[in-house]
Amino acid sequence: MIKVYKELDDILLVKLDIKEASLENGDAFKAEVIKLFEKQQKSIAIDMSSVEYIDSSFLGSIVSVFKHLISFKSELVLVGLSKDITNLFALTRLDKVFKIYNNFDEISK
Amino acid sequence: MAIHKPKQILLVDDDQLFLKLIEQVFKKSGFVCTRAPSAEAAIEILEKGGEMPDLILSDYEMLKMNGFEFRRYLMNDTKFQDIPFVFLTFFSDKDLMEKGLDLQAIDYVIKDTPINVIVSKVNNILFTVDKQRELSENEVKKAAKSLNIKSIPVKSPHIESFKVDFWHQAYHDIPGGDFIDFIKVNDRYHFIVLGDIMGKKWMAWFFTFGFLSYVRSAVRFAAFNNEYSTSKILQQVNAIICFDEVLKDILSSLSLLLIDSETNKITYSGAGDLPLLHYSLEADELNMVSSSGLLLGLFEEGNYSEKEIQLKQGDRLFIFTDGMIDFIDATGKKSDYNQFLKTLKPFMEKENNFTDIASKLFNNNLNEQVDDRSIISIYKN
């Protein structure tokens, strides 16, 4: 479900390859990202540009991974959110919680 | 009302011709099929995430990983072990069959069985699996009923000068993560609670009681101390949840409102909830009422603020969970707050009665439901 795109010194850039992010794949997503973090021990940026819909269960999984990473003083950064998902983050104040970028280039700079 | 989606089946066989043939017949019978030319390819499809198939029909004899090894792989993974699995084989070897059934395969189909018979067999298996699931769910529903635990009230409260109504629909008819409560402190003060645990179905439903208990306790303690502050109550609930070993990894949104029937003032605080909608009769406008608080359980400091809302006669306030703003159109599922607002607006001019709005607007079949849906309406008489 997630593929490492590039490894930088302090952050891993990964792509999430799903269209619908929901209850069906939330647990698997969480397990994969945490496994990757345990191996690499660095912050993770996830490109979500292929995700068109996200439900609250999957949002819960993202937030849960975020909490896990901060407890190890690392970060979970989100990249390439669609307009609808950006709106949903703003409406529920999650935009104040996550660092959100338009693309990987903005992080590398 | 349960929604019947077409059943998804994953067909695994290294005989490409047979795979295509069987796919055609299953498709004709209304199945959504995914083909995998090997066990390895099937694993790749499953590991990719997405929706899980309702059943896997797999050949036994395949190059590299055979059907038994494939089944064993799935059994070792909690994500896949419960997907009904049926073996396809050319052999009618008794030992082989026993070995397959030891791996908890539901059944066995000999490959030279006419394909339409295979389809009927699969249909029967899926019917039995659904029936079994329904029975288990009914058992849990019965147990919950006998314990008299409810995450959704039976009726709306009576509050002087206001008319409070609610509408709730569980996802696939299974209780989920949405919860509603009306807490009467005395004739003057009433609290209204709407929450949404992030998750669905039973798992989320079980946690609603933990959250509800904390909210009820915090409200009661505040009332004992004569402290009618919704933001302080939310802050307290959040602090307790952040320390609760069971609930700290569970997140929930919450809208908490306090109605003061003496001053007609409504106080509102929200935790990661969607902005409320306030319909002003005078201006004939639906406007958002936002709060600043974060989801319960996210950080110890949730930044909960308080907003005062004054409803004039004929005004209405809507509080709702995110299932209400989910839609499905030709391009797929989406969450669209503004579309919900636009759909709701015309009803404000025409309808005074919430039941009419609910039956005309929310019960329609225009959008397939994708989550629990709950909405509370507060109307000022």
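A residue is taken as buried if 20 or more other C-beta atoms lie within 10 Å of its own, C-beta atoms being placed from the backbone. By this criterion, in the predicted model described here, strand S15 (residues 316-320) of chain B is mostly covered, 5 of its 5 residues being buried. The cover extends to both faces of S15(B), with Arg316(B), Phe318(B) and Phe320(B) buried on one side and Leu317(B) and Ile319(B) buried on the other. This arrangement can be set beside a general property of strands: in a regular strand the side chains alternate between the two faces of the sheet.

The pairing of S15(B) involves strands on either side of it in the sequence. Strand S12 (residues 276-280) of chain B pairs with S15(B) in the antiparallel sense over 3 bridges, and within this pairing His278(B) has Leu317(B) as its bridge partner. S15(B) also pairs in the antiparallel sense with strand S18 (residues 373-380) of chain B, over 5 bridges. In that second pairing the bridge partner of Leu317(B) is Ile378(B), while Phe320(B) is matched with Ile375(B). Leu317(B) thus has a bridge partner in S12(B), namely His278(B), and another in S18(B), namely Ile378(B).

S18(B) is in turn joined by 8 bridges to strand S7 (residues 162-169) of chain B, and these two strands run antiparallel; here Lys163(B) has Tyr379(B) as its bridge partner. Because 6 of the 8 residues of S18(B) are buried, this strand is largely enclosed by the rest of the structure.

Viewed as a whole, chain B contains 9 helices and 18 strands, and its C-alpha trace spans about 80 × 45 × 35 Å along the principal axes. Of the 381 residues in chain B, 36% are buried. Among contacts in this chain with a separation of 6 or more, 66% are accounted for by residues 24 or more positions apart. Chain B is divided into domain 1 (8-145) and domain 2 (151-380), and the centres of these two domains, taken over C-alpha atoms, are separated by 42 Å.

A further group of strands in chain B forms an open sheet of 5 strands in the order S8-S9-S10-S11-S14, with antiparallel pairing. Strand S8 (178-184) and strand S14 (307-310) of chain B are the edge strands, each pairing on one side only, and neighbouring strands of the sheet are turned by 20° against each other on average, direction ignored. Within this sheet, strand S9 (residues 189-197) and strand S10 (residues 252-260) of chain B run antiparallel and are joined by 9 bridges, with Ile197(B) standing opposite Ser252(B) in S10(B). Helix H7 (residues 230-243) of chain B packs on the sheet, where it touches S10 and strand S11 (265-271) of chain B, and its direction makes about 25° with that of S11(B).

Elsewhere in chain B, helix H3 (residues 67-75) has Gly67(B), Phe70(B), Arg71(B) and Leu74(B) as buried residues. Seen down the axis of H3(B), the buried residues fall within an arc of 100°, so they line one face of the helix. The underlying regularity is a general one: an α-helix has 3.6 residues a turn, so residues three or four places apart point the same way. The buried residues of H3(B) pack against helix H2 (39-47), strand S3 (55-59) and strand S4 (85-89) of chain B.

In chain A, an open sheet of 5 strands follows the order S1-S2-S4-S6-S7, with mixed pairing. Its edge strands, each pairing on one side only, are strand S1 (2-7) and strand S7 (99-101) of chain A, and neighbouring strands of this sheet are turned by 30° against each other on average, direction ignored. Strand S2 (residues 11-16) and strand S4 (residues 43-47) of chain A pair in the parallel sense over 5 bridges, and the bridge partner of Val14(A) in S4(A) is Ile46(A).

The contact between the chains takes 25 residues from chain A and 29 residues from chain B. On the side of chain A that touches chain B, the elements giving two or more residues are helix H1 (23-40), helix H2 (56-70) and helix H3 (83-91) of chain A, and the largest share, 6 residues, comes from H2(A). The residues of this side of chain A divide into 11 nonpolar, 7 polar and 7 charged.

Notes: Residues are numbered from 1 along each chain as its sequence is written. Chains are lettered from A and ligands numbered from 1 in the order in which they are written. This is a predicted model: local features need pLDDT of at least 70, side-chain atom pairs count only at pLDDT 80 or more; totals for chains, interfaces and linings use all residues. Two strands pair if DSSP finds at least two bridges between them. Helices (H or I, at least four residues) and strands (E, at least two) are DSSP runs, numbered from the N terminus. Axes are lines fitted to C-alpha atoms, for helices over the stretch in contact, and angles run from 0 to 180 degrees between N-to-C directions. Domain bounds come from an automatic or database domain assignment. A residue is buried if 20 or more other C-beta atoms lie within 10 Å of its own, exposed if 12 or fewer, and partly exposed in between; C-beta atoms are placed from the backbone. The arc is that of the directions from the helix axis to the C-beta atoms. Two residues are in contact if their C-beta atoms, placed from the backbone, lie within 7 Å. Ala, Val, Leu, Ile, Met, Phe, Trp, Tyr, Cys and Pro count as nonpolar, Asp, Glu, Lys and Arg as charged, and the others, Gly among them, as polar.
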